[in-house]
Amino acid sequence: MDWVEVEASAGRRIDRAAATRILHLAIEKSPASLALYERLGDALTAEGRFQEAIVAFRRRAAAEPELFKSWRALAQCHVELGDLESALDVCNQGEQQGRSADVARVRGETLEMLGRQGEAIVYLRQAFEANPKDEFALESLLRCLSREPDAAPLLEFCDALPATPFLQSRRLAFRAVALSRLGRVDEARALVDVARHVMVFRFDPPSEHGDAVAFNARLAHWLIANTGSVPTPRPDCVIDYGLTHTRLPLINELRSFVRRSFATYVAQLPVLGLGDLMPLPPAGELFDFVVFLHGNGRNGEHVHPNAYVVGVYYVQVPKDVQLASDMRGCLVLGACEKLTDGHQPAWGVRYLKPEPGMLVLFPAHMFHDVVPTQSAEPRIVIGADVRPAPRHA
């Protein structure tokens with residue numbers, strides 16, 4: 001497989017908090033510019049300041065409803081605060097302004113939370129049909145279908161999805177759920193096998209970087225100083241996607257290790273039983289990101305859209321996690337019980353104890369999560385998605 005380099009960043013990004021400050025200053029200078037309030041609502045939402053975002057959004061929505069475009073974002077803020085009836089009211093207002101496709105997804109998700117599953121599926125289908133690139137609508141629709149008493153419609157829906165890079169990981173993941181729920185155990189385990197489809201590698205850095213302990217200590221120091229400081233709605237789970245665009249020598253060395261490990265992994269695909277299921281793309285891109293978890297932080301059960309193979313590299317693991325005799329801080333492979341409303345999958349669940357310098361590779365369609373560390377010290381992970389990419393001419 002040829003590797004395509006992700007374009008480096010041209011400069012430092014403006015973080016969410018800075019964007020909010022800039023918008024506040026702009027509103028002070030031009031308080032009559034109601035469009036600024038809508039942009040402020042977006043910025044506050046990105047910081048998780050949902051109540052303030054509602055105030056900002058409603059400032060424009062009340063005065064210029066025909067120009068207001070953020071009905072879905074406003075409804076989502078109410079959802080985040082648990083005010084589901086207000087969220088539905090906002091959806092109604094948005095539909096009155098001709099924004100039915102925009103609000104269909106959040107209406108569906110709200111109805112799901114209210115236990116109105118059948119109605120939720122109708123609106124989520126509408127949202128996905130209106131925008132087949134809406135990954136959140138797709139995720140919610142698949143989740144709702146996986147909770148229906150009969151799993152046949154879920155299997156039918158998954159089989160109808162095209163096997164594109166954008167859809168493939170979710171299509172295979174939820175197809176496996178459908179097969180598991182229908183009692184087709186062998187077929188389900190051919191798609192997801194938490195023992196067979198996972199490989200673990202150990203990083204041995206070049207001598208100029210010292211041993212793995214010294215390498216990870218330097219890398220953790222740089223990551224803490226330069227990433228993960230932007231306020232987010234989930235302060236105990238901070239994900240910084242800007243890492244992909246950096247060219248730090250330490251990161252480049254780690255990328256080389258990930259690529260070598262990936263080559264070993266894909267060479268074993270026929271042995272792993274994945275040769276036919278995961279044909280090697282002609283070209284690939286490596287998208288990496290850093291994840292800081294502490295306390296009750298977790299990623300939640302998920303798969304990686306657009307990805308082919310997922311890598312998890314452990315930079316820093318809290319001492320109390322390393323010494324713990326329980327599962328805290330573990331990578332959880334195969335778990336989908338929360339997504340599917342309690343279904344115990346045919347492939348079971350595997351817990352991997354994290355160790356600094358350990359890289360775990362597995363298919364992008366394998367559900368995974370993290371057991372909260374319950375530690376004040378951050379668990380620092382670099383995630384690495386190998387994604388199919390168009391080959392340069």
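The secondary structure of the protein chain, in what is a predicted model, amounts to 15 helices and 10 strands. For a chain of 393 residues a compact globule would be expected to have a radius of gyration near 21 Å, and the 22 Å found for the protein chain agrees with that expectation. Along the principal axes, the C-alpha atoms occupy a box of roughly 65 × 50 × 50 Å. Of the 393 residues, 51% count as buried, and among contacts between residues at least 6 apart in sequence, 75% join residues at least 24 apart.

The accessible surface of the protein chain comes to about 17800 Å², and carbon and sulfur atoms account for 53% of this area. As for charge, the chain carries 43 positive and 49 negative side chains, with the centres of the two sets lying 3 Å apart.

A walk through the helices can begin with α2, which spans residues 34-46 and contains D42. With a relative accessibility of 38%, D42 counts as partly exposed, because it falls between the 20% limit for buried residues and the 50% limit for exposed ones. Leaving out residues up to four places away in sequence, D42 touches F57, S70 and A73; its C-alpha atom also lies 8.9 Å from that of A56, a residue 14 places away in the sequence.

Helix α2 returns as a packing partner of helix α4, which covers residues 71-80 and in which W71, L74, A75, C77, H78 and V79 are buried. These buried residues of α4 pack against α2, and also against α3 (50-63), α5 (84-96) and α6 (100-113). In general, an α-helix has 3.6 residues a turn, so residues three or four places apart point the same way. After α4 comes G82, whose phi is positive, near 80 degrees.

Further along the chain, helix α7 contains Q117, which counts as buried because its relative accessibility of 16% is under the 20% limit. Apart from its neighbours within four places in sequence, Q117 is in contact with E112, C144, R147 and E148. The C-alpha atoms of Q117 and E47, by contrast, are separated by 30 Å, the two residues being 70 apart along the chain.

The aromatic rings offer another way of following how separate parts of the chain meet. The structure holds 11 aromatic pairs. One of them joins F128 and F157, whose ring centres are 6.2 Å apart and whose planes stand at 65 degrees, so that the pair is edge-to-face. F128 belongs to helix α7 (residues 117-130) and F157 to helix α9 (residues 152-160), so the pair links distant parts of the chain, 29 residues apart. Both partners count as buried, F128 at 9% relative accessibility and F157 at 12%.

A second pair is formed by F203 and F257, with ring centres 4.7 Å apart and planes at 35 degrees, so this pair is tilted. Because F203 lies in the loop between β2 (199-202) and α12 (212-226) while F257 lies in helix α13 (residues 249-267), the pair ties together parts that are 54 residues apart in sequence. F203 counts as buried at 6% relative accessibility, and F257 likewise counts as buried at 6%. Ring pairs also draw these two residues into a cluster made up of F203, F215, F257 and Y313.

The loops between strands hold several residues that deserve a separate look. T373 is placed in the loop between β9 (368-370) and β10 (379-388), and with a relative accessible area of 1% it is buried. Not counting residues up to four places away in sequence, T373 touches L293, H294, G295, V321, R328, G329 and R379.

Two other loop residues are notable for their backbone angles. Most residues other than glycine have a negative phi. N306, however, has a phi near 75 degrees, a positive value in a residue other than glycine; it is placed in the loop between β4 (283-293) and β5 (309-316). At 26% relative accessibility, N306 counts as partly exposed. D341 likewise has a positive phi, near 60 degrees, in a residue other than glycine, and it lies in the loop between β6 (331-333) and β7 (350-352). With a relative accessibility of 62%, D341 counts as exposed, because this value is over the 50% limit.

Note on methods: Residues are numbered from 1 along each chain as its sequence is written. Side-chain values use heavy atoms; hydrogens and water are left out. Helices (H or I, at least four residues) and strands (E, at least two) are DSSP runs, numbered from the N terminus. The radius of gyration is taken over C-alpha atoms; the globule rule is 2.2 Å times the number of residues to the power 0.38. Buried means under 20% relative accessible area, exposed over 50%, partly exposed in between (1.4 Å probe, protein chains only). Contact means heavy atoms within 4.5 Å. Accessible areas come from the Shrake-Rupley method with a 1.4 Å probe; for residues, only the protein chains shown count as cover. Lys and Arg count as positive and Asp and Glu as negative; His and the chain ends are not counted. The place of a charge is taken as NZ of Lys, CZ of Arg, CG of Asp or CD of Glu. Rings of Phe, Tyr and Trp (its six-membered ring) pair if their centres lie within 6.5 Å; planes under 30 degrees apart count as stacked, over 60 as edge-to-face and the rest as tilted.
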